[in-house]
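Hi everyone, thanks for coming. Today I'd like to walk you through one structure, so let's bring it up on the screen.

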Amino acid sequence: MNSTKTIFRPSGYFKPTGVAEAIQLLEQHSEDGWFLAGGTDLLVEKDVQVEVLIDITGLGLNYIKSDDQGVKIGAATTFAEIAVSPVLQKGPYNILAQAAQQMGTPQVRNMATIGGNICHAVPSADSAPALLALDAILKATSKAGERSLNITEFFLNVRKDALRKDELLTEIQLPMFPDHTGAAFIKKGRVAVVDLAVVNTAVRLIIDDSNTCHGVRIVLGAVAPVPLRAVKAEEMLEGKEPQGELLEKAAIQAAEEIKPISDVRSSAEYRKTLSRVIVERALVEAVAQARA
Amino acid sequence: MTTITLNVNDNEYEVEVAPHHTLLDVLRDKLGCTEVKNSCNQGECGACTVLVNGKPVSSCLMLAMQADGRRIITARGLAQDGKLHPLQEKFIEYGAVQCGYCTPGMLLAAKALLDENPHPSEEEVRMAISGNICRCTGYQQIVEAIMAAAAEQ
């Protein structure tokens with residue numbers, strides 16, 4: 001690494017054609033090699049430390065498949081592809097398609113990838129709440145082999161994730177969900193489209209034959225250093241009948257669990273109030289869907 | 001420097017590029033495609049929109065090397081055989097051009113929409129150009145021009 005460098009001037013660009021080759025290249029450039037997917041964060045930030053770019057868009061990690069285990073999404077799949085994927089229009093998976101439709105501009109959605117979005121690990125990442133609500137499992141590949149990470153253990157801090165330096169995120173796996181699963185995604189920015197979230201939320205729940213909630217997930221983004229599950233709010237609904245007053249109380253509890261900051265997009269107070277409002281709306285929508 | 005091949009408006013070019021060169025840099029500075037506008041240089045404004053394999057992208061956010069071997073259309077590639085594209089005709093007819101800086105990007109975002117969805121609703125038109133900022137705020141005429149071009153298809 002050249003510590004005197006003050007501008008973005010990578011000296012190398014590689015486009016490997018297989019995962020093994022990509023990992024090999026990263027090993028060779030372990031000090032200053034960076035994986036490049038859509039590039040839509042990299043070319044905004046233009047980090048001066050980037051010396052060697054390893055383009056991972058030619059590795060065949062561009063797919064959305066479903067089978068009796070659930071759904072598998074290649075890490076280099078673009079948001080434009082996720083937004084219109086027939087597989088992701090169905091059932092609770094739809095919240096991921098909705099998040100994809102609301103991410104960035106149409107131009108950015110044609111480039112930005114889901115793997116890049118979560119590996120960049122910013123608090124406002126739109127795909128993160130949906131993936132947390134859907135209990136995503138992330139597949140990481142390194143020379144040592146493959147390992148699976150639960151998305152709940154992936155986000156460590158702002159721009160910090162649990163991948164090791166020698167690992168490549170290759171696939172995002174979503175489990176099967178039973179009938180009577182409901183889910184909802186709501187994003188609020190300062191303007192209707194093309195903005196980072198002030199707050200985004202994704203919820204998911206199952207309503208069983210005795211009219212009680214199970215598998216409740218309430219997730220909020222842009223309100224803490226990492227996308228956050230409001231675990232106490234989830235517990236309030238677990239095993240309970242989902243009626244209006246309880247949903248409202250759970251939303252109030254969820255707003256208590258977040259740690260928002262004030263920034264250029266919103267004050268912390270507004271984020272708290274907005275979180276309560278959109279979590280309640282999302283819960284009402286998810287309950288209606290689960291009963292449909 | 002590495003040599004890459006770009007197909008721009010149906011012409012093949014071999015160009016020498018460095019890893020940090022964006023597609024926008026190369027189109028403007030090496031190939032003279034000054035119809036591709038540079039404004040925010042961070043993917044917010046849409047002025048640098050080009051079609052890459054038919055899809056609108058921000059050329060400021062794509063490295064030139066990522067575009068190697070791809071088919072690129074700029075606003076200059078819209079007219080065919082000396083005849084303006086129907087979208088260009090309608091932009092003129094409806095007064096959808098004020099300062100003109102956003103126009104190349106707007107036209108390409110609109111073309112990508114109509115290629116995929118020949119009869120869009122007004123809402124779909126507005127969503128399709130949501131990544132293109134018009135500093136003169138003349139959106140109404142732009143939307144009307146695109147709707148009119150769609151109606152005549």
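I'll start with a sheet in chain B and then turn to where chain B meets chain A. Please keep in mind that this is a predicted model.

So, which order do the strands take? In chain B, five strands form an open sheet, ordered β2-β1-β5-β3-β4, and the pairing is mixed. If sheets are new to you, strands pair through backbone hydrogen bonds, either parallel or antiparallel. Look at the edges: β2 (11-17) and β4 of chain B each have a single partner strand, so one side of each is left without a neighbour in the sheet. On average, neighbouring strands here are turned by 40° against each other, direction ignored.

Now let's zoom in on β4(B). Strand β3 of chain B, residues 49-52, pairs with β4(B) in the antiparallel sense, over four bridges. You can follow the pairing residue by residue: B:V52 has B:K55 as its bridge partner, and B:T49 stands opposite B:S58. Two residues lie between the strands of this hairpin, and B:N53 takes a positive phi near 50° there.

What lies across these strands? Helix α3 of chain B, residues 103-116, lies across β3, β4 and β5 (71-73), running at about 35° to β3(B).

Finally, the neighbouring chain. 22 residues of chain B are in contact with 20 residues of chain A. On the chain B side, β4 (55-58) and α4 (122-128) each supply at least two residues, and β4(B) gives the most, with four. By type, that side of chain B divides into 11 nonpolar residues, 10 polar and one charged.

Thanks for listening!

Note on methods. Residues are numbered from 1 along each chain as its sequence is written. Chains are lettered from A and ligands numbered from 1 in the order in which they are written. This is a predicted model: local features need pLDDT of at least 70, side-chain atom pairs count only at pLDDT 80 or more; totals for chains, interfaces and linings use all residues. Two residues are in contact if their C-beta atoms, placed from the backbone, lie within 7 Å. Ala, Val, Leu, Ile, Met, Phe, Trp, Tyr, Cys and Pro count as nonpolar, Asp, Glu, Lys and Arg as charged, and the others, Gly among them, as polar. Two strands pair if DSSP finds at least two bridges between them. Axes are lines fitted to C-alpha atoms, for helices over the stretch in contact, and angles run from 0 to 180 degrees between N-to-C directions.
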